[in-house]
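Let's look at a structure together and ask how we know what we say about it. Each answer will set a value beside the rule that gives it its name.

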Amino acid sequence: MDQPTVGILHPGSMGAAVAACAATNAASIVWCEAGRSPASAARAAQFGLTSVATLSELADRSDIVISLCPPVAAEDVARDVAALGFTGVYVEANAISPERAQRIAALLAPDATVVDGGVVGSPPLGGKTPTLYLSGPADATERIEALFASTAVRTAVLGTEVGKASALKLAYASFQKTSRVLVALAIGMAREHGVDQELIEVASRRTDSYLSEPQYVAKTAARAWRWGPELEEAADALVAAGLPPEMLRAAAATLARWNDAKDAHELTLTDALDRLAQP
């Protein structure tokens, strides 16, 4: 099969790194510069992505489009691509509920083929190897597996039903991200009483305890603007499954207190806890 041209929407920290891996087996990787920030342009340049002026040009040139954007924008992004009559493979790789993934598949049908995707793990940089879980029509998932063959992005196909990959991603995110929020609350409470170091020492005696990793609280704060919407999506998935969503909605509300710390890489544990304590 000829190497495809791949469009990435959009080159954020995950999207740019994933796109760079896809470049190994693609003719070219294109991104749309319209409406994107200087930071996005810098990442795209860093990873060698080719800029196009309009979304229409991206859709016309691309055989495969990968959507990796904030969850709240996923449907709008898909709607914009659908309006252009895109006829290739659309990889919906955002952290959204299975129901939203199915709505997006309906938006793009019948012209395009939608593959449901979910990335579990950190961006594929510095030796990290995230897994892109896939579900959807077999011929389309095979094309995505080929696109990432022998790269730092592993792939795993979960079946042909759109929604399965999204369900797995949200199930994992609901545990992992809520656990990080609980760490921040526990350490914040202990700090108020001057026993935060003792709490961390207790936790360090146990294996695989997030409480023994207080340095991650600052990273959680910097990512809160993305994690909160993911947990809201996971809460919607719980409702659809007949399960109580309140714990995840509470975690999302806690994360919202850190929204002004967006991508603040120099944030310290003290800074993060101070921001969390502010109403």
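Q: What makes strands β4 and β5 count as paired?
A: In this predicted model, β4 (residues 64-67) and β5 are joined by 4 bridges and run in the parallel sense. Pairing asks for at least two bridges, so β4 and β5 qualify as a pair. Within this pairing, Val65 stands opposite Tyr90 of β5.

Q: How do you know that β5 also pairs with β6?
A: The same kind of count helps here. Parallel strands β5 and β6 (residues 113-120) share 4 bridges, and at least two are needed, so they are a pair too. Here Tyr90 faces Val114 in β6.

Q: Why is the path from β4 to β5 called right-handed?
A: Helix α4 (residues 74-83) joins with β4 and β5 in a β-α-β unit. Imagine the strands pointing away from you: right-handed means that the path from the first strand over the helix to the second runs clockwise. The unit of β4, α4 and β5 is right-handed, so its path runs clockwise in that view. Another right-handed β-α-β unit is made by β5, helix α5 (residues 98-108) and β6.

Q: What makes us say that both faces of β5 are covered?
A: On one side of β5 (residues 89-92) sit Val89 and Val91, and on the other sit Tyr90 and Glu92; these are all buried.

Q: Which residues touch the most other members of the largest nonpolar core?
A: They are Ile66, Ile144 and Phe148, in a core of 30 residues. Helix α1 gives the largest share, 7 residues. Apart from neighbours within four places in sequence, Ile144 is in contact with several residues, including Val89 and Val91. There is also a second, separate core of 25 residues, with Trp227 among them.

Q: Why is Cys21 called buried?
A: Its relative accessible area is 9%. Buried means under 20%, so Cys21 is buried. Cys32, at 4% relative accessibility, is buried because that value also falls under 20%.

Q: How do you know that Cys21 and Cys32 form no disulfide?
A: A disulfide is a covalent bond between the sulfur atoms of two cysteines. To count, the sulfur atoms must be within 2.5 Å. For Cys21 the closest cysteine sulfur, in Cys69, is 19 Å away, so that is too far for a bond. The sulfur of Cys32 has its closest cysteine sulfur in Cys69 as well, at 13 Å, again too far. A search of the whole structure finds 0 disulfides.

Definitions and conventions:
Residues numbered from 1 in each chain as written. Predicted model: local features only at pLDDT ≥ 70, side-chain atom pairs only at ≥ 80, totals over all residues. Heavy atoms only, no water. Buried < 20%, exposed > 50% of the residue type's maximum accessible area, 1.4 Å probe, protein only. Core = buried A, V, L, I, M, F, W, Y, C linked by side-chain atoms within 4.5 Å. Contact = heavy atoms within 4.5 Å.
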